[in-house]
Amino acid sequence: MSPRISVCYGKPTDEAAFDDYYTRVHMPLAKAVPGLTRFTFGKVSSLDGTEPPYYAVAGLYFADAETMQTGLRSPEMRAAGADVQNFATGGATMFVADEHEFDL
């Protein structure tokens with residue numbers, strides 16, 4: 001079990017500008033959060049061809065809840081959080097999940 005913070009980004013007004021800013025500016029800020037064990041990012045598509053509710057989703061993984069709390073209180077997380085308003089014109093929704101991995 002490991003905690004994951006998910007950040008779901010709504011469709012931006014300018015996708016190219018979002019993509020450029022996210023990879024060039026925001027991703028380095030997010031990756032600097034202390035305690036991260038894994039960082040993921042992916043653009044979203046729906047299985048049935050309809051417009052998905054989000055443009056992209058990022059995942060910030062931590063070893064345990066205590067490490068995640070330390071990361072959330074860090075200056076690096078504050079900087080990354082404050083930066084979202086600079087590029088996420090479609091808004092952003094964040095939530096935490098405790099992920100369990102199961103053998104297949």
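Q: In what order do the 4 strands of the open sheet stand?
A: In this predicted model, the strands of the open sheet are joined by antiparallel pairing. Read across the sheet, their order is 2-3-1-4.

Q: Which strands stand at the edges of the sheet, and why is one side of each left without a neighbour?
A: An edge strand has a single partner strand, so one of its sides has no neighbour in the sheet. This holds for two strands, namely strand 2 (36–43) and strand 4 (92–99).

Q: How many bridges join strand 1 to strand 4?
A: Strand 1, which covers residues 2–9, runs antiparallel to strand 4. Within this pair, Ser6 stands opposite Phe95. The number of bridges that join the two strands is 8.

Q: Which helix packs on the sheet, touching strand 1, strand 3 and strand 4?
A: The direction of this helix makes about 40° with that of strand 1. The helix spans residues 65–72 and is helix 2.

Q: Which residue of strand 3 is the bridge partner of Ile5?
A: Strand 1 and strand 3 pair in the antiparallel sense over 6 bridges, while strand 2 and strand 3 do so over 7 bridges. On the strand 2 side, Phe39 stands opposite Leu60 of strand 3. The bridge partner of Ile5 in strand 3 is likewise Leu60.

Q: Does Gln85 count as buried or exposed?
A: Gln85 is found in the loop between helix 3 (75–83) and strand 4. Its relative accessibility is 70%, and the cut-off for this class is over 50%. Gln85 therefore counts as exposed.

How values were computed. Residues numbered from 1 in each chain as written. Predicted model: local features only at pLDDT ≥ 70, side-chain atom pairs only at ≥ 80, totals over all residues. Heavy atoms only, no water. Pairing = 2+ DSSP bridges. Contact = heavy atoms within 4.5 Å. Axes fitted to C-alpha atoms, helices over the stretch in contact; angles between N-to-C directions. Buried < 20%, exposed > 50% of the residue type's maximum accessible area, 1.4 Å probe, protein only.
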